[in-house]
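Colleague: I should like to learn how to read the features of a protein model, one at a time. May we begin with the terms for accessibility?

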Amino acid sequence: MTTLYDYWRSSASYRLRIALGLLGEPYEKVTVNLLEGEHRGAENLARNPQGLVPTLEIDGHSFTQSLAILEYLDETRNAGFLPKDPVGRARVRALSYAVAMEIHPVCNLSVGKYASEQSNGAITTESWSQHFIGKGFMALERMLEAPETGAFCHGDSVTMADICLVPQVYNARRWGVDLSKTPKLAEISSRAEALPAFAAAFPSQ
């Protein structure tokens with residue numbers, strides 16, 4: 001049995017729900033409630049020493065870090081999350097990392113809350129997220145202004161870049177980021193969101 005240790009609003013978990021849906025991989029979902037601090041409990045720390053979600057148990061192994069898991073799924077299931085050619089793979093990784101390693105970490109809810117607390121409320125979590133997501137999205141929009149971009153981030157098929165993009169756009173909308181400044185990015189995300197695997201992974205589902 002494949003088991004996903006998940007929290008509904010976690011962007012990293014959202015990525016894996018999309019990926020498993022695209023693969024048609026059945027799985028059991030176990031909630032780790034971040035708001036109640038369950039991620040810091042001994043049970044979660046035993047499977048994820050960073051005290052994070054997601055953790056995916058699959059093929060007799062336990063994996064952490066969503067991008068590493070996406071690449072594992074791609075390698076073991078010929079998922080097509082990464083292109084076959086080295087240049088294409090490098091571009092998809094760059095787009096994915098721009099979201100997952102540049103935008104997402106600094107806009108994590110705990111980071112925004114810390115900034116608000118340390119500034120005695122002069123910085124709000126909302127303004128912090130709007131600033132950094134907006135700045136990151138402007139850079140990502142420029143990256144997408146390339147001939148390799150098609151219906152999706154790279155060509156006309158879903159890749160790891162789209163799997164990373166959609167959860168971050170969900171967060172952007174949540175924090176009131178103006179997506180009119182990044183029309184290509186918003187268009188690609190909307191197109192991906194309409195696909196069944198993406199729709200089924202939506203946090204409210």
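Modeller: A residue is called buried under 20% relative accessible area, exposed over 50%, and partly exposed in between, with a 1.4 Å probe and protein chains only. This is a predicted model, in which local features need pLDDT of at least 70, side-chain atom pairs count only at pLDDT 80 or more, and totals for chains, interfaces and linings use all residues. Residues are numbered from 1 along each chain as its sequence is written, and side-chain values use heavy atoms, with hydrogens and water left out.

Colleague: Is asparagine 120 buried or exposed?

Modeller: Asparagine 120 counts as exposed, because its relative accessibility is 75%. Asparagine 120 is in the loop between helix 5 and helix 6; helices (H or I, at least four residues) and strands (E, at least two) are DSSP runs, numbered from the N terminus.

Colleague: What is the phi of asparagine 120?

Modeller: Most residues other than glycine have a negative phi, and most peptide bonds are trans. Asparagine 120 has a positive phi, near 55°. Asparagine 78, which is not a glycine either, has a positive phi of about 50°. Asparagine 78 lies in the loop between helix 3 and helix 4 and is exposed, at 57% relative accessible area.

Colleague: Which peptide bond is cis?

Modeller: The bond from valine 53 to proline 54 is cis, with omega near 5°. Proline 54 is placed in the loop between helix 2 (42-47) and strand 3 (55-58).

Colleague: How should one read the two sides of a helix?

Modeller: An α-helix has 3.6 residues a turn, so residues three or four places apart point the same way. In helix 5, Gly112, Ala115 and Ser116 are buried. Seen down the axis, the buried residues of helix 5 fall within an arc of 100°, so they line one face; the arc is that of the directions from the helix axis to the C-beta atoms. Tyr114, Glu117 and Gln118 are exposed on the other side of helix 5.

Colleague: What do the buried residues of helix 5 pack against?

Modeller: They pack against helix 6 (125-144), where contact means heavy atoms within 4.5 Å. Contacts can also be read for a single residue. Alanine 192, in helix 8 (residues 183-193), is buried at 1% relative accessibility. Leaving aside residues up to four places away in sequence, alanine 192 touches Phe152, Val166 and Phe198. Alanine 192 and alanine 151 are 41 residues apart in sequence and 9.0 Å apart in space, C-alpha to C-alpha.

Colleague: How many disulfides does a search of the whole structure find?

Modeller: A disulfide is a covalent bond between the sulfur atoms of two cysteines. The search takes a pair of cysteine sulfur atoms within 2.5 Å as a disulfide, and it finds zero in the whole structure. For cysteine 107, the nearest cysteine sulfur, that of cysteine 164, is 15 Å away. Cysteine 153 is in no disulfide, and the nearest cysteine sulfur, again that of cysteine 164, is 9.0 Å away. Cysteine 107 is buried, with a relative accessible area of 10%, and cysteine 153 counts as buried at 4%.

Colleague: I now have a way to read each of these features in turn. Thank you.
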